[in-house]
Amino acid sequence: MYQIKKAEVLANNIYLMDVEAPRVAKHCEPGQFVIVKIDEKGERVPLTICDYDREAGTVTIVLQTIGASTEKMAHLKEGDYFRDFVGPLGCASEFVNEDIEELKKKNILFVAGGVGAAPVYPQVKWLHNHGVKADVIVGSKTKDLLILEEEMKAVAGNYYPCTDDGSYGHAGMVTSKIEQLVNEEGKKYDLCVAIGPMIMMKFACLTTKKLEIPTIVSMNPIMVDGTGMCGACRLQVGNEVKFACVDGPEFDGHLVDFDQAMKRQQMYKTKEGRALLKVQEGDTHHGGCGHCGGDE
Amino acid sequence: MADVLKKVPVREQDPKVRATNFEEVCYGYNKEEAMEEASRCIGCKNAKCVQGCPVSIDIPGFISKVKTGEFEEAYKIIGKSSALPAVCGRVCPQESQCEGKCIRGLKGEPVSIGKLERFVADYALENDIKPEKADSTNGHKVAVIGSGPAGLTCAGDLAKMGYEVTVFEALHELGGVLVYGIPEFRLPKQKVVAKEIDKVKELGVKFETNVVIGKSTTIDQLIEDEGFEAVFIGSGAGLPKFMGIPGENANGVFSANEYLTRNNLMKAFDESYDTPIAAGTKVAVIGGGNVAMDAARTALRLGADVHIVYRRSEEELPARVEEVHHAKEEGVVFNLLTNPTEILVDENGYVKGMKCVKMELGEPDASGRRRPVVVEGSEFEMELDTVIMSLGTSPNPLISSTTEGLEVNKWKCIVADETNGQTTKEGVYAGGDAVTGAATVILAMGAGKAGAQGIHEYLSNK
């Protein structure tokens, strides 16, 4: 059992928790993830590592309610437990193993979309702690959904918030901000790391390809075991099929087949949606709402 | 008196009924049936059956106790050699091991050793007979990686010798392939697997779940930071193989590992569990091994029409005869000498069918089996919504890539001495699928046993 030491609501449907998991806290690096299971009957849910405290033995996770399992997790409070919490899984970001002096010469741009700010944060923080300044674009639909702003500002070189509705920061998508920085402000970047919903990563990659900036993305496909056993998370990357859980989750964004990955992500969407409605509406859920397809 | 040349028949669930549920197929013997079957054993002095057993159970010894109704004594005899008799009695390929060597089998049917082992083990589980424990611990700490058949056997044997053993399991449940791979209808999880693991716990073995060695910690750190003096790696097989044909990443194409894990470990067949499974209505399982049979029979129970698609003929099916027989009885259709060439995908990315070619058997290949060759112009299509790839696995690199000095062979399997499990790294032993590639439960147990002995000798001489 893994105790929740702190639980916070970051925005509507977005939650942050510090969880006691000493083995994970001791070994995790930026870029890696964990799998969390709430109780005996829950799903194994892959979640981003947002931060970690090796001494306190805690790992910070951020989750957005998207299905029955995350909806249940959202109700957990400080002092509650997860039945299972395993990690760190996947490979660390490549730069963790690079020469620091070389890294200091690079101009790095991070692009986060929505809850993608959570996995971007520990990367930017790691670079900051190693004396490397990186620029960070964080996009969200609206100001209220922007998360981790103060934390990000504290570790980023330049921080550029964007909102789709123009309620805060740059008005428009993250892609238009990337273009503005490069084309209008004359910024030069040697590397871009884009993390967020697949559709956002796809378009960020189309933009950076045009601008000829090598780009890393962090993929979040459907997973079951997270240790390489099931192959549910397989992706087409260039000419190869890769498993996100052991080969990734970070890949060359210019090689990832996003259209296929997005289709694969839909596999259980209706089932997830139904299960979510059941949890939210309890006994009052009869199906037939036209959205979930009922409970046949 | 029944025909002494034939096995006492074992009662099974009716195929039509069992094709719709996940209850165990085989009911096993009762006391009377077991004693009658035991009386068929002639108690050979130089028993061939024992030579056929990878863990060398004293088979005539335990059967003689069944004959006289001394079931607890029979259990103790098996317990000296096997930590998981209730599992082995169910899933071992006895026909090619103990029973394959039985003298009775020369003229008539061999003694039903597997069903007798199962009876004795179930008797012990039901009557809560405890295994014999070491008098005291010897203070030496050993880590075992993986709680599957190799790891459990190694841990149990070491604990009996007095070692302080901790087993590290990557998943959230103990049992490895016994839990995620082999389905409930062949090996009940609560009634059998959990109870057999409880017996290993009673020997004093500690278990830690959710620890992925190579990620959550490493072998070197277990030795340097946590004081383990030896390590046994029983981490199992690994990454599922795919065919590399077009359409394989479509929605509705699964590895057998994924399909079985969702159903067995995550219990997707039970509505009260949250993990979903797209069971499919028209399913093809590609492959002919035991895992393919398990996947096919699982899909059948989830309501699908199921085809096994295998490129060689029935004779070459690697699965146990009993599994093939059960699958056919339940209604699985076998498309033999058939090979997929492409998975057909609809506009939303879901499987809608599969292109196949017919095969015929040509000259024998390196494995001695006749090589299947394509019949020209035999291409045809099958209408499907689900394809399950059961083509075996390739080793998981998590441990070998994070352990300095641990050699792997050209297939990326860990190099280990067959007789004692010793690897190229001092104090580190290995066995089971991580060493041999995908094999059977009992071979993994045999390797776990050899590893325990190897570790014991190493630590005794240190």
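Reader: Where in chain A is Pro249(A) found?
Author: This is a predicted model, and Pro249(A) makes a handy way in. The peptide bond that leads into Pro249(A) from Gly248(A) is cis, with omega near 10 degrees. As for its place, Pro249(A) sits in the loop between α8 (244–247) and β16 (250–252) of chain A.

Reader: What is omega for the cis peptide bond that joins Gly87(A) and Pro88(A)?
Author: Here the proline is in a strand, with Pro88(A) found in β7 of chain A. The bond between Gly87(A) and Pro88(A) is cis, and its omega is about -5 degrees.

Reader: Which element gives the most to the side of chain A that touches chain B?
Author: Let's start with the pairs: across the interface of chain A and chain B there are 25 residue pairs in polar contact. Several elements of chain A supply at least two residues each to the side touching chain B, among them α1 (22–27), α2 (68–74) and α9 (258–265). The top contributor gives 6 residues, and that element is β7(A).

Reader: How do the residues of that side of chain A, the one that touches chain B, divide into nonpolar, polar and charged?
Author: In all, 44 residues of chain A are in contact with 47 residues of chain B. By class, the chain A side divides into 17 nonpolar, 12 polar and 15 charged.

Reader: What is the area buried between chain A and chain B?
Author: Interface size is often quoted as the accessible area lost when the parts come together. For chain A and chain B, carbon and sulfur atoms give 50% of that buried area. The total comes to about 3800 Å².

Reader: Which residue of chain A forms a salt bridge with Glu208(B)?
Author: There are 5 salt bridges between chain A and chain B. In the one made by Glu208(B), the closest N and O atoms are 2.8 Å apart. The partner on chain A is Arg23(A).

Reader: How far apart are the centres of domain 1 of chain A and domain 2 of chain A?
Author: The domain assignment splits chain A into domain 1 (2–89) and domain 2 (98–218). Their contact takes 15 residues from domain 1 and 12 residues from domain 2. Taken over C-alpha atoms, the centres of the two domains are separated by 24 Å.

Reader: Which three residues supply 36% of the area that domain 1 of chain A buries against domain 2 of chain A?
Author: The two domains bury about 1100 Å² between them, 71% of it on carbon and sulfur atoms. Three residues of domain 1 supply more of its share than any other three: Pro30(A), Cys50(A) and Asp51(A).

Reader: Which residue meets Asp51(A) in a salt bridge?
Author: The count between domain 1 and domain 2 of chain A is 1 salt bridge. Asp51(A) also has a side-chain salt bridge with an N to O distance of 3.0 Å. Its partner there is Lys125(A).

Reader: Which element supplies the largest share of the side of domain 1 of chain A that touches domain 2 of chain A?
Author: That side has 9 nonpolar, 4 polar and 2 charged residues. Elements giving two or more residues to that side include β1 (2–11) and β2 (14–20) of chain A. The largest share is 5 residues, from β4(A).

Reader: Over in chain B, is Asp365(B) buried or exposed?
Author: Asp365(B) is found in the loop between β11 (351–364) and β12 (370–374) of chain B. Its side chain makes a polar contact with the side chain of Arg312(B) at 3.5 Å, and Asp365(B) touches Arg371(B) too. Its relative accessible area is 18%, and the cut-off is under 20%, so Asp365(B) counts as buried.

Reader: And is Lys412(B) buried or exposed?
Author: Lys412(B) lies in the loop between α16 (397–400) and β16 (428–430) of chain B. Its phi is near 70 degrees, a positive value in a residue other than glycine. With a relative accessible area of 55%, against a cut-off of over 50%, Lys412(B) is therefore exposed.

Reader: What is phi of Asp128(B)?
Author: Asp128(B) is placed in the loop between α8 (113–126) and β1 (141–145) of chain B. Asp128(B) is partly exposed, with a relative accessible area of 45%. Phi is positive here, in a residue other than glycine, at near 50 degrees.

Methods. Residues are numbered from 1 along each chain as its sequence is written. Chains are lettered from A and ligands numbered from 1 in the order in which they are written. This is a predicted model: local features need pLDDT of at least 70, side-chain atom pairs count only at pLDDT 80 or more; totals for chains, interfaces and linings use all residues. Side-chain values use heavy atoms; hydrogens and water are left out. Domain bounds come from an automatic or database domain assignment. Contact means heavy atoms within 4.5 Å. Buried area is the accessible area (1.4 Å probe) that two parts lose on being put together, summed over both. A salt bridge is a side-chain nitrogen of Lys or Arg within 4 Å of a carboxyl oxygen of Asp or Glu. Helices (H or I, at least four residues) and strands (E, at least two) are DSSP runs, numbered from the N terminus. Ala, Val, Leu, Ile, Met, Phe, Trp, Tyr, Cys and Pro count as nonpolar, Asp, Glu, Lys and Arg as charged, and the others, Gly among them, as polar. A polar contact is a pair of N or O atoms within 3.5 Å; within protein, one must be able to donate a hydrogen and the other to accept it, and residues adjacent in sequence count only if both atoms are side-chain atoms. Buried means under 20% relative accessible area, exposed over 50%, partly exposed in between (1.4 Å probe, protein chains only). Lists of a residue's contacts leave out its neighbours within four places in sequence.
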